[in-house]
Amino acid sequence: MKKASILLTSVWILVACCQVKPPVPVLPIPTQEQIEWQKMENYAFVHFGLNTFNDLEWGYGDTPAETFRPSELDCEQWVRIIQAAGLKGIILTAKHHDGFCLWPTQTVDYNISQSSYKNGKGDMVRELSDACRKHGLKFGLYLSPWDRHNAEYGREGYQKVYHEQINELISNYGPLFEFWFDGANGGNGWYGGTNEIRSIDPATYYGYEKAREMIKRKHPSAMIFGGTVPDIRWIGNESGWAGATCWAMYDESKATHYRQAQWGMEEAGKWLPGECDVSIRPGWFYHHREDHQVKSVPALVDLYYKSVGHNANFLLNFPIALTGKIHPTDSARAIEWHKAIIADLKDNLLAGRIPAASNERGRGYLAKNVSDGNWDSYWATTDDTTTGTLTYALPAGTLLNRVLIQEYIPLGQRVRKFDIEVSREGHWYSVETADSLTTIGYKRIVRFKTTPADSLRLVFLDARGPLCINNVEAFHAQELLEQPAIRRNASNLVSLRVLDKNAEIHYTLDGSEPTAASAKYEGPFLLDRKATVKAVTYDAHDKRFGPVSIKELDISSDHYQVQRPKKNHPEQMFDGNGYTTFILPSGEKEVVIKLSEPQTICGFRYTPDQGRDATGHISHYEFLIDGRLVSAGEFSNIKHNPIEQEIRFLPVHGRKLTFRCLRTAEDVQHIGIGEFSVITE
Ligand code: FUL
């Protein structure tokens, strides 16, 4: 008896001694909830509300609730499409900046029960949360802190209302996976009819700390976006991409520039992974005029690689159309996008292949773990080793152009620098990629020029601790045909461009769909009249077409004579390039343009400076023709989503145009105009 127990104890000691310890975590590390959230990878936003019916991005808060009139509202349609597009959840704008609540809140009258929808018995939050549950999608909410309707906004009373709205939303609609506090605070609004500018300090005014506690008490796994105590971070743009270098670590109190949100901060003490939000159309809300501007499949695929493939989550917005349904173009595009991603990443060329590792920590942490399909098993190096290689033998000449790598993030994000090499006939080469091979994190997918390989080698060059890699895959994805960029320059020469210099492009100028029989692009051509250019890339070998690009070009640049001011290159407003910007001379608030001959004008287009992090975007404007005011208003959300703005009005015949800036989005003194064009009848 005694002998047996001694034996057992010795065996136990022996096993314990041989047991290899896991690497110690490199701080900070994610919570279990953050890990689960990151594993969702893709999910959807829906923007719907009064703005939809007012054709606005930021409602002022003054339109009656009856304006909300969807004719065939169908949340199940949204869910079916979003699910078919491979997205795992939906975040609904329960209240946008106009203050209109999509659920029958007790806190304010300005809500769906005051509309004719279902005779005032409707509740969009209920309908969508039920539909999500029924179809197995997660559900999240966006509740705008800024409220341009509420009379108490900016005063003491609003915080109570806001918190009570949160309370209703977290109490009555089942589990939430995310709660979105938007950061916009534009200042001016209806505010109970006072029409004022009200400024608040977002760091203290909304009581985010208490709001977080309330949400977490009922929804412990919900991720909080925005506010002062978030779990995840905004990626610093509304274009849907994260930096190629993307640390999950971030500290908003130390951030001085948007770029830090895109890259993260290696030295930060908080785990705040990035979320990349973008709309499938230029705007967040539905506008009929954008029906032809739904992002193409190649553009969406590109964003997938630049978000999920850059260690961030992807939040794709669907602007719900006036009917109350997702527009057919958007749904077809999103589903095609999903199919394209699935096709790209279907056949893992490394499946079942065990790599040779330069170093292995020991039992439990062997290199074979990167190929076992188990997320929780990983290859780790010894404590003194923060570099290393994984080498895979492949059938000679295997073609590949994607490598996917995952770090075991429960132990922290470690890799700082790596390389991908292939061998051909005994020589090693780095793959050709435009991506910088720096961080990995939860997931990194590197795209590179298709290359034949006899073997593949991942070279980890620098890390914050021993390597912990839990998955590696490689693929040969089909190259998608790009959508040509159409540009008319100041000399009225039109160029059609894609990255692939050998691509065949066909185009039309009469609005008809381009085919292989349409004019073939041979180089820039003169177009000094109004026309709709449609262009497409064509793969003659496989008889495949890419997505069609459309550009409506109005009267040519030689029609515009800038009266004053003449300094600072006003011609840059008409050069088809939003990155070259006419900055109005200091102190000037308007640009006056005389047309070479009178025209019947029914609108104009203004593109703000497209330069990254540019300022000087006009947010409030007036537009005059021959001294008569024909349009005035706001270019909402132009700071974070600096897309082309199109304004339409009843036709006016005239010659002298005055485009006046009343306010810039950032309240800066300089005013920038990237592109400008009238819309003639
Ligand atoms: C922004 C808002 O101002 C936009 O309207 C939109 O809701 C976007 C997701 O966030 O900050």
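A polar contact is a pair of N or O atoms within 3.5 Å. In this predicted model, glutamate 238 falls within that cut-off of the ligand, because one of its polar side-chain atoms lies 3.4 Å from a ligand oxygen atom. Two further side chains offer an N or O atom to an oxygen of the ligand: that of tryptophan 58 at 2.9 Å, and that of histidine 97 at 2.8 Å. In total, 13 residues surround the ligand, and the closest are His47, His96, His97, Tyr142 and Asp182.

Two helices, α4 and α6, can be described together with what packs on them. Helix α4 covers residues 75-84. At its N-terminal end, aspartate 74 serves as a cap, with a side-chain oxygen 3.2 Å from the backbone nitrogen of glutamate 76. Within α4, the buried residues are Cys75, Gln77, Trp78, Val79, Ile81 and Ile82. Their cover includes the strands β1 (42-47), β2 and β10 (313-319), together with the helices α5 and α10 (328-344). Just past the helix comes glycine 86, with a positive phi of about 75°.

Helix α6 runs over residues 157-172 and has 16 residues. From the first C-alpha to the last, α6 reaches 23 Å, close to the 22 Å expected at 1.5 Å a residue. Buried positions in α6 are Tyr158, Val161, Tyr162, His163, Gln165, Ile166, Glu168, Leu169 and Ile170. It helps here to recall that an α-helix has 3.6 residues a turn, so residues three or four places apart point the same way. Among the elements that cover the buried residues of α6 are β2 (89-95), α5 (124-135), β3 (138-143), β4 (178-180) and α7 (208-218). As with α4, a glycine with positive phi follows: glycine 174 comes after α6, with phi near 80°, while glycine 86 comes just after α4.

Aromatic contacts come next. A search of the whole structure finds 54 aromatic pairs. One of them joins tyrosine 153 to tyrosine 158, with the ring centres 5.1 Å apart and 65° between the planes, an edge-to-face arrangement. Both tyrosine 153 and tyrosine 158 are buried. In the pair of tyrosine 206 and tyrosine 208, the centres are 5.4 Å apart and the planes meet at 50°, so this pair is tilted. Tyrosine 206 is buried, with a relative accessible area of 1%, and tyrosine 208 is also buried, at 5%. Elsewhere, ring pairs link Tyr560, Phe574, Phe604, Tyr606, Tyr621, Phe623, Phe635, Phe649, Phe659 and Phe676 into a cluster.

Rings also meet charged groups. The charged end of lysine 39 sits over the ring of tryptophan 375, 4.0 Å from the ring centre. Arginine 424 lies over the face of tyrosine 429, with 4.2 Å to the centre of that ring.

Two buried hydroxyl-bearing residues deserve a closer look. Serine 377 belongs to the loop between β11 (356-357) and β12 (379-380), and is buried, with a relative accessible area of 11%. The side chains of serine 377 and aspartate 372 are joined by a polar contact of 2.4 Å. Beyond the neighbours within four places in sequence, serine 377 touches Asn369, Asp372 and Asn470. Threonine 398, by comparison, lies in strand β13 (residues 388-407). Its relative accessible area is 13%, so threonine 398 counts as buried. Leaving aside neighbours within four places, threonine 398 is in contact with Leu349, Thr451, Pro452 and Ala453.

Finally, some backbone details fall in loops. The peptide bond from leucine 27 to proline 28 is cis, with omega near -5°, and proline 28 is placed in the loop between α1 (2-18) and α2 (32-40). Aspartate 626 has a positive phi near 50° although it is not a glycine; this aspartate is found in the loop between β29 (618-625) and β30 (628-634). At a relative accessible area of 45%, aspartate 626 is partly exposed. Asparagine 637 likewise has a positive phi, near 55°, and lies in the loop between β30 and β31 (645-664). In contrast to the partly exposed aspartate 626, asparagine 637 is buried, with a relative accessible area of 9%.

How values were computed
Residues are numbered from 1 along each chain as its sequence is written. This is a predicted model: local features need pLDDT of at least 70, side-chain atom pairs count only at pLDDT 80 or more; totals for chains, interfaces and linings use all residues. Side-chain values use heavy atoms; hydrogens and water are left out. Rings of Phe, Tyr and Trp (its six-membered ring) pair if their centres lie within 6.5 Å; planes under 30 degrees apart count as stacked, over 60 as edge-to-face and the rest as tilted. Buried means under 20% relative accessible area, exposed over 50%, partly exposed in between (1.4 Å probe, protein chains only). A charge sits over a ring if NZ of Lys or CZ of Arg is within 6 Å of the ring centre and within 35 degrees of the ring normal. Helices (H or I, at least four residues) and strands (E, at least two) are DSSP runs, numbered from the N terminus. A polar contact is a pair of N or O atoms within 3.5 Å; within protein, one must be able to donate a hydrogen and the other to accept it, and residues adjacent in sequence count only if both atoms are side-chain atoms. Contact means heavy atoms within 4.5 Å. The expected span of a helix is 1.5 Å times one less than its number of residues. A residue is near a molecule or strand if one of its heavy atoms lies within 4 Å of it.
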